[in-house]
Amino acid sequence: MTLTSAKVQTSYRILHVHVDDDSAMGARFRQLGFVPGITLSCEALAPLLKHPLLVRVRGMQVALSLHEAQLIQVEAL
């Protein structure tokens, strides 16, 4: 499943990030800690037009757009 299916107050393990490692998006994800094996939790879903997600990864909160969340494959813990 992808992060777009995440439920609030639930923890997940990142399985794969579907971006090119040489791309700017791949570098951004790595810098923020979105790498396979890392655990994250879904903190909130915003009811806005683009449905951003607020996730906690490595102790920091990160807002992701729906498009970004679709690139992250996770499994529930």
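Where does L15 sit in this chain? L15 is in strand β1, and I'll come back to that residue in a minute. One thing to say up front: what you're looking at is a predicted model.

Okay, the overall layout. We've got a protein chain with two helices and five strands. If you walk along the sequence, the order is β-α-β-β-β-α-β. The radius of gyration comes out at 11 Å, close to the 11 Å the globule rule gives for 77 residues, so this chain is as compact as a globular protein of that length. If you'd like a box to picture, the C-alpha atoms fill roughly 30 × 30 × 25 Å along the principal axes.

Now, how much of the chain is tucked away? Of the 77 residues, 31% count as buried. On the outside, the chain exposes about 4500 Å², and carbon and sulfur atoms supply 55% of that. As for charges, there are 7 positive and 6 negative side chains, and the centres of the two sets lie 8 Å apart.

What about contacts along the sequence? Take the contacts with a separation of 6 or more: residues 24 or more positions apart account for 59% of them. Keep that figure in mind while I go through some individual residues.

Let's start on the inside, with V55. V55 is found in strand β3, and with a relative accessibility of 0% it counts as buried. Which residues does V55 touch, once we leave aside its neighbours within four places in sequence? The list is L3, F34, L40, S41, C42, E43, M60, Q61, V62 and L64. There's also a distance to note here: V55 and V8 are 47 residues apart along the chain, and their C-alpha atoms are separated by 9.1 Å.

You'll have spotted F34 among those V55 contacts. F34 is buried as well, with a relative accessible area of 2%. And F34 brings us to the aromatics. How many aromatic pairs turn up in a search of the whole structure? Just one. The partners are F29 and F34: their ring centres are 5.7 Å apart and their planes are at 65 degrees, so we call the pair edge-to-face. The cut-off for that label is over 60 degrees. F29 is buried too, at 1% relative accessibility.

Right, back to L15 in strand β1. Is L15 buried, exposed or partly exposed? At 38% relative accessibility, L15 counts as partly exposed. Not counting residues up to four places away in sequence, L15 touches P36, Q73, V74 and E75. If you measure across to R56 on your screen, 41 residues away in sequence, you should get 16 Å from C-alpha to C-alpha.

V74 in that L15 list also has a distance to S5. The C-alpha atoms of S5 and V74 are separated by 9.4 Å, with their positions 69 residues apart along the chain. S5 itself is in the segment before β1, and at 41% relative accessibility it counts as partly exposed.

Next, a loop residue. A46 lies in the loop between β2, which is 39-45, and β3. With a relative accessible area of 25%, A46 is partly exposed. Leaving out residues up to four places away in sequence, A46 touches H51 and P52. From A46 to A63 the C-alpha distance is 9.7 Å, and the two are 17 residues apart in sequence.

Last bit: backbone angles. Most residues other than glycine have a negative phi. Which value does Q9 have for phi? Near 65 degrees, so to speak on the positive side, in a residue other than glycine. Q9 lies in the segment before β1, which runs 10-17, and at 70% relative accessibility Q9 counts as exposed.

R58 also has a positive phi, near 50 degrees, and is a residue other than glycine. You'll find R58 in the loop between β3 (53-57) and β4 (60-64). At 55% relative accessibility, R58 counts as exposed.

To recap a couple of points: V55 is buried in this model, and F29 and F34 make an edge-to-face pair. Thanks, that's me done.

Terms used. Residues numbered from 1 in each chain as written. Predicted model: local features only at pLDDT ≥ 70, side-chain atom pairs only at ≥ 80, totals over all residues. Heavy atoms only, no water. Helix = DSSP H or I, 4+ residues; strand = E, 2+ residues; numbered from the N terminus. Rg over C-alpha atoms; globule rule 2.2 N^0.38 Å. Buried < 20%, exposed > 50% of the residue type's maximum accessible area, 1.4 Å probe, protein only. Contact = heavy atoms within 4.5 Å. Areas by Shrake-Rupley, 256 points an atom, 1.4 Å probe, with all protein chains shown as cover. Lys, Arg positive; Asp, Glu negative; His and termini not counted. Charge placed at Lys NZ, Arg CZ, Asp CG, Glu CD. Phe/Tyr/Trp six-rings, centres within 6.5 Å; stacked < 30°, edge-to-face > 60°.
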